[in-house]
Every structure is written in C-alpha cells, then in structure tokens.
Amino acid sequence: MSENDNGSVPEGDFESQATESELGVVAEFIAFLKYNKKWWLTPIIIVLLLIAIVAISAGTGAAPFIYTLF
C-alpha cells in the first residue's frame, strides 16, 4: 500500500465503512428495499408483523378481545 505525506496508509472502502456508525435493523432493511428495489416485500413484512403482534398479545389480558375478531 502507498503511504500519504504524513506517513499514514489511506483507508480503503472497507475500513471507511467499518468506522461509520451502525444502522439499526429497520433502517438497514429500508436501505435494502431502496437499493435492491424490493418494494413488494413491504406488505409481506407488515402482515407478518401484525400476525406476530396478535400472537404475542394472545397470551396477555387482551386475549378475550382478540378472540372476538375471529
């Protein structure tokens, strides 16, 4: 590798990305959707999240109210 005037080795793309702050899971997923143009995944993820919320809340005091929906 070549050195700069001050004697340090320039950072490569990998090193510069490693020093950046990390994105959260949601922000990283949104960036994935934008970059790869996979917008059709959005409704699938939303439905899966709604089913997970219903399944989690079925074990709480909200269970009698959930059963009336079905």
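Contact here means heavy atoms within 4.5 Å. The model treated in these exercises is predicted.

**Exercise 1. Describe the surroundings of Ser57.**

Solution.
Step 1. Locate the residue: Ser57 belongs to helix H3.
Step 2. Leave out residues up to four places away in sequence; Ser57 then touches Ala62, Ala63 and Ile66.
Step 3. Turn to the polar atoms. A polar atom of the Ser57 side chain lies 2.9 Å from the backbone oxygen of Ile53. For the backbone oxygen of Val54, the distance to a polar atom of that Ser57 side chain is 3.2 Å.
Step 4. Apply the cut-off for a polar contact, a pair of N or O atoms within 3.5 Å. The 2.9 Å listed for Ile53 and Ser57 and the 3.2 Å listed for Val54 and Ser57 can be read against it.

**Exercise 2. Check the span of helix H2 against its number of residues.**

Solution.
Step 1. Helix H2 covers residues 25-36, which makes 12 residues.
Step 2. The expected span is 1.5 Å times one less than the number of residues, so H2 should span 16 Å.
Step 3. The end C-alpha atoms of H2 are 16 Å apart, which agrees with the expected value.

**Exercise 3. Characterise Lys37, which comes just after H2.**

Solution.
Step 1. Place the residue: Lys37 is part of the loop between H2 and H3.
Step 2. Read the backbone angle: phi of Lys37 is near 55 degrees, positive in a residue other than glycine.
Step 3. Classify the accessibility. Exposed means over 50% relative accessible area. Lys37 has 62%, so Lys37 is exposed.

**Exercise 4. Which residues make the nonpolar surface patch, and where is Trp40 found?**

Solution.
Step 1. List the members: Trp40, Ile44, Ile45, Leu48 and Leu49 make a nonpolar patch of about 500 Å².
Step 2. Place Trp40: this residue is in the loop between H2 and helix H3, and H3 runs over 41-57.
Step 3. Classify Trp40: its relative accessible area is 54%, so Trp40 is exposed.
Step 4. Recall the helix geometry: an α-helix has 3.6 residues a turn, so residues three or four places apart point the same way.

**Exercise 5. Summarise the protein as a whole: what are its secondary structure, its share of buried residues and its exposed area?**

Solution.
Step 1. Count the elements: there are four helices and zero strands, and the pattern along the sequence is α-α-α-α.
Step 2. Take the buried share: of the 70 residues, 7% are buried, the cut-off being under 20% relative accessible area.
Step 3. Take the surface: about 6,300 Å² is exposed, and carbon and sulfur atoms supply 67% of that area.

Key: Residues numbered from 1 in each chain as written. Predicted model: local features only at pLDDT ≥ 70, side-chain atom pairs only at ≥ 80, totals over all residues. Heavy atoms only, no water. Helix = DSSP H or I, 4+ residues; strand = E, 2+ residues; numbered from the N terminus. Patch = residues over 30% accessible without salt bridge, like charges linked within 9 Å, V, L, I, M, F, W, Y side chains within 5 Å. Areas by Shrake-Rupley, 256 points an atom, 1.4 Å probe, with all protein chains shown as cover. Salt bridge = Lys/Arg side-chain N within 4 Å of Asp/Glu carboxyl O. Buried < 20%, exposed > 50% of the residue type's maximum accessible area, 1.4 Å probe, protein only. Polar contact = N/O pair within 3.5 Å; in protein donor to acceptor, adjacent residues only side chain to side chain.
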